[in-house]
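Good morning, and thank you for coming. Please look at the sequence and the structure as they appear, and keep both in view while I speak.

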Amino acid sequence: MISTSEVLTGTAVDLFYGATPAVKAADISLNRGEVSAITGQSGSGKSSLLYCLAGVLPVSRGEVRFEGRVLGELDDEELSALRRERFGFVFQYGELLPELTVEENTALPLRLAGQRKAPALAAAGEVLERLGLSDLRKRRPSQVSGGQSQRVAVARALVHKPAVVFADEPTGSLDSANAAAVLEEFLALARSQGTAVLLVTHDDQVAARADSRYIMCDGKIAAHIREVS
Ligand SMILES: Nc1ncnc2c1ncn2[C@@H]1O[C@H](COP(=O)(O)OP(=O)(O)O)[C@@H](O)[C@H]1O
Ligand SMILES: [Mg+2]
């Protein structure tokens, strides 16, 4: 019986780089409105598993299912449309485009999905406002701080109300005060939109905020801990 809130599942996922295994028989499932964290030492396979689940890297064995569809059965065009429209991404260094303003960067997922400029900028303005960033709308990434830029990256990942947000070390480049602030805003906004969040982190404080926690060791999920509420 599949839980109705289950949105993305990885079953017996293996990933090899050439002959080297990076992910071994991983089972994981993400629920709407919940935060799942993957923790583990550097090199344990966290990013590799995230990229498989996000359809960025094809699995070597096993399968990833999103809303019942197996990612490996989609063609390139279907897969990139799915990633663009239904998934959001946050990386360690935000990676905003330097030539675009903060609001244009935030609106990018909507523009890539074909939305016109005015409604896309209006939606971006709303998310920026919810994150307390309205004053920065017209600035360029070079004119904002590291913490602010990472908040903008969060706004951009959520602006198109994706079903799943994949975040690989989203606070890894920030000091602990900024990291905590960015994370809380991110999680509150994701929860209020019913987004499933997958957070890769080696920070225990960050992982402690999750509803579900997967601990990776040497490519395997060594433990899965679910918070009971
Ligand atoms: N592009 C790649 N080519 C070959 N090996 C890789 C590649 N990316 C990662 N690896 C290896 O796969 C293993 C898992 O890496 P990774 O998923 O990046 O771990 P983590 O995110 O937990 O630090 C490591 O041994 C790493 O060296
Ligand atoms: Mg990594």
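**Selected residues and helix packing**

Leaving aside its neighbours within four places in sequence, Glu34 is in contact with Arg191, Thr195, Ala196, Val197, Asp211 and Arg226. I should say at once that this is a predicted model. Glu34 lies in the loop that joins β2, residues 20-31, to β3, residues 35-40. Is Glu34 buried or exposed? Its relative accessibility is 17%, and because buried means under 20%, Glu34 counts as buried. Among its contacts, one deserves particular attention: the side chain of Glu34 makes a polar contact with the side chain of Arg226, at 2.9 Å.

Let us now step back into strand β2, where I have chosen two residues. Leu30 is found in this strand, and Ile28 has its place there as well. Leu30 has a relative accessibility of 1%, and therefore counts as buried. Ile28, at 4% relative accessibility, also counts as buried.

What does Leu30 touch, not counting residues up to four places away in sequence? The list consists of Ser5, Glu6, Val7, Leu8, Ser36, Val164, Ala196 and Leu198. For Ile28, with neighbours within four places in sequence left aside, the contacts are Leu8, Thr9, Gly10, Ile38, Leu49, Leu53, Leu198, Tyr214 and Ile221. One of these partners, Leu49, is 21 residues from Ile28 in sequence, and the two are 9.7 Å apart in space, C-alpha to C-alpha. For another pair, Leu30 and Arg69, the separation along the chain is 39 residues and the C-alpha atoms are 14 Å apart.

Next, I turn to backbone angles. Which value of phi does Ala12 have? Ala12 is not a glycine, although its phi is positive, at about 50°. Ala12 sits in strand β1, residues 6-17, and with 36% relative accessibility it counts as partly exposed. Lys161, which is not a glycine either, has a positive phi of about 45°. Lys161 belongs to the loop between α5 and β7, the latter covering residues 164-168. At 57% relative accessibility, Lys161 counts as exposed, because the limit for that class is over 50%.

The last topic is the packing of helices. Two packed helices are described by the angle between their axes and the distance between the axes. Consider helix α3, residues 102-112, and helix α5, residues 146-158: they pack at an angle of about 30°, and their axes are 6 Å apart. Why is α3 called roughly parallel to α5? Angles under 35 degrees count as roughly parallel, so α3 is roughly parallel to α5. The crossing of α3 past α5 is right-handed. On the α3 side, Val102, Asn105, Thr106 and Pro109 take part, and they meet Val152, Ala155 and Arg156 of α5. By class, this contact has 4 nonpolar, 2 polar and 1 charged residues.

Helix α3 also packs with helix α4, residues 117-130; their axes come within 8 Å and cross at roughly 120°. Here too, α3 passes α4 in a right-handed crossing. From α3, Val102, Glu103, Glu104, Thr106, Ala107, Leu110 and Arg111 meet Lys117, Ala120, Leu121, Ala123, Ala124 and Leu128 in α4. By class, the contact of α3 with α4 has 8 nonpolar, 1 polar and 4 charged residues.

Thank you for your attention.

Technical notes: Residues numbered from 1 in each chain as written. Chains lettered and ligands numbered in written order. Predicted model: local features only at pLDDT ≥ 70, side-chain atom pairs only at ≥ 80, totals over all residues. Heavy atoms only, no water. Helix = DSSP H or I, 4+ residues; strand = E, 2+ residues; numbered from the N terminus. Buried < 20%, exposed > 50% of the residue type's maximum accessible area, 1.4 Å probe, protein only. Polar contact = N/O pair within 3.5 Å; in protein donor to acceptor, adjacent residues only side chain to side chain. Contact = heavy atoms within 4.5 Å. Axes fitted to C-alpha atoms, helices over the stretch in contact; angles between N-to-C directions. Parallel < 35°, antiparallel > 145°, perpendicular 65-115°, else oblique. Left-handed = near helix turned anticlockwise from the far one by under 90°. Nonpolar A, V, L, I, M, F, W, Y, C, P; charged D, E, K, R; others polar.
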